[in-house]
Amino acid sequence: MLRRLACPGGLLVGDAAGAVSPLTAGGLDPCLRMSELAAAVTAGYLRTGDERLLRQYDGNAFRARFRGRLLLRRMFAGLRSPAAAEAAVAALRTGAGRALARRVLFGDGSFPDVGPRLADLALR
């Protein structure tokens with residue numbers, strides 16, 4: 001996920017914003033969730049001209065929810081030998097490993113919910 005997603009000239013959503021997981025290739029759900037917030041931010045900005053509204057569409061806020069995913073990615077990137085990579089993948093095949101992967105990569109919390117921020121924007 002990119003840190004800066006919005007400016008007065010446009011907003012990045014989905015793949016362009018870096019919301020696709022290279023592990024799962026899952027980008028549709030993040031794109032739909034992000035586009036809902038992007039539309040609300042865009043409408044508010046066009047209605048008011050207030051550039052501060054663009055800060056509501058913030059990559060850093062999304063990234064905070066990706067700690068587990070980023071940690072898993074760093075761990076796999078740090079593996080230097082094929083044997084270590086095979087061992088890590090084998091660990092993910094265990095019951096605990098599957099539960100971890102399911103939660104981090106595929107669970108409801110795998111991408112941040114933008115609902116609360118949409119409610120904040122509706123009040124403006």
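## Helices and strands

Let's start with the basic parts list: this protein has six helices and two strands. Keep in mind that you're looking at a predicted model. If you walk along the chain from the N terminus, the elements come in the order β-β-α-α-α-α-α-α. In other words, the strands come before the helices.

## Inside and outside

How much of the protein is tucked away? Of its 124 residues, 30% count as buried. As for the surface, about 7700 Å² is exposed, and 58% of that area is supplied by carbon and sulfur atoms.

The contacts tell you how the chain folds back on itself. Take the contacts between residues at least 6 apart in sequence: 63% of them join residues that are at least 24 apart.

## The nonpolar core

In soluble globular proteins, nonpolar side chains tend to be buried together. Here, the largest nonpolar core is made of 13 residues. Which of them have the most contacts inside the core? They are Met1, Leu5, Met34, Tyr57 and Phe62. Helix H1, which covers residues 28-48, gives this core its largest share, namely five residues.

## Two spots on helix H1

Not every residue of H1 has to be hidden, and two examples are worth finding in the structure. Ala40 sits in helix H1, and with a relative accessibility of 25% Ala40 counts as partly exposed. That label applies because buried would mean under 20% and exposed over 50%. Thr42 also belongs to helix H1 and is partly exposed, at 26% relative accessible area.

Both residues can be paired with Leu54 for a look at distances. Ala40 and Leu54 are 14 residues apart along the chain, and their C-alpha atoms are separated by 10.0 Å. For Thr42 and Leu54, the separation is 12 residues in sequence and 7.6 Å in space, C-alpha to C-alpha.

## The two faces of helix H3

Now jump ahead to helix H3, residues 67-77, where Arg69, Leu70 and Leu72 are buried. Looking down the axis of H3, you'd see its buried residues fall within an arc of 160°, so they line one face of the helix. What about the other side of H3? There, Arg67, Leu71 and Arg74 are exposed.

Notice that the residue type alone doesn't settle the matter in this helix: Arg69 is buried, whereas Arg67 is exposed. The leucines split up as well, with Leu70 buried and Leu71 exposed.

## A salt bridge

How many salt bridges turn up in the whole structure? The search finds one. Its partners are Asp50 and Arg52, and their closest N and O atoms are 3.0 Å apart.

Are these partners buried or exposed? Asp50 is partly exposed, with a relative accessible area of 22%, while Arg52 is exposed, at 53%.

Notes
Residues are numbered from 1 along each chain as its sequence is written. This is a predicted model: local features need pLDDT of at least 70, side-chain atom pairs count only at pLDDT 80 or more; totals for chains, interfaces and linings use all residues. Side-chain values use heavy atoms; hydrogens and water are left out. Buried means under 20% relative accessible area, exposed over 50%, partly exposed in between (1.4 Å probe, protein chains only). Helices (H or I, at least four residues) and strands (E, at least two) are DSSP runs, numbered from the N terminus. The arc is that of the directions from the helix axis to the C-beta atoms. Contact means heavy atoms within 4.5 Å. Accessible areas come from the Shrake-Rupley method with a 1.4 Å probe; for residues, only the protein chains shown count as cover. A nonpolar core is a set of buried Ala, Val, Leu, Ile, Met, Phe, Trp, Tyr and Cys residues joined through side-chain atoms within 4.5 Å. A salt bridge is a side-chain nitrogen of Lys or Arg within 4 Å of a carboxyl oxygen of Asp or Glu.
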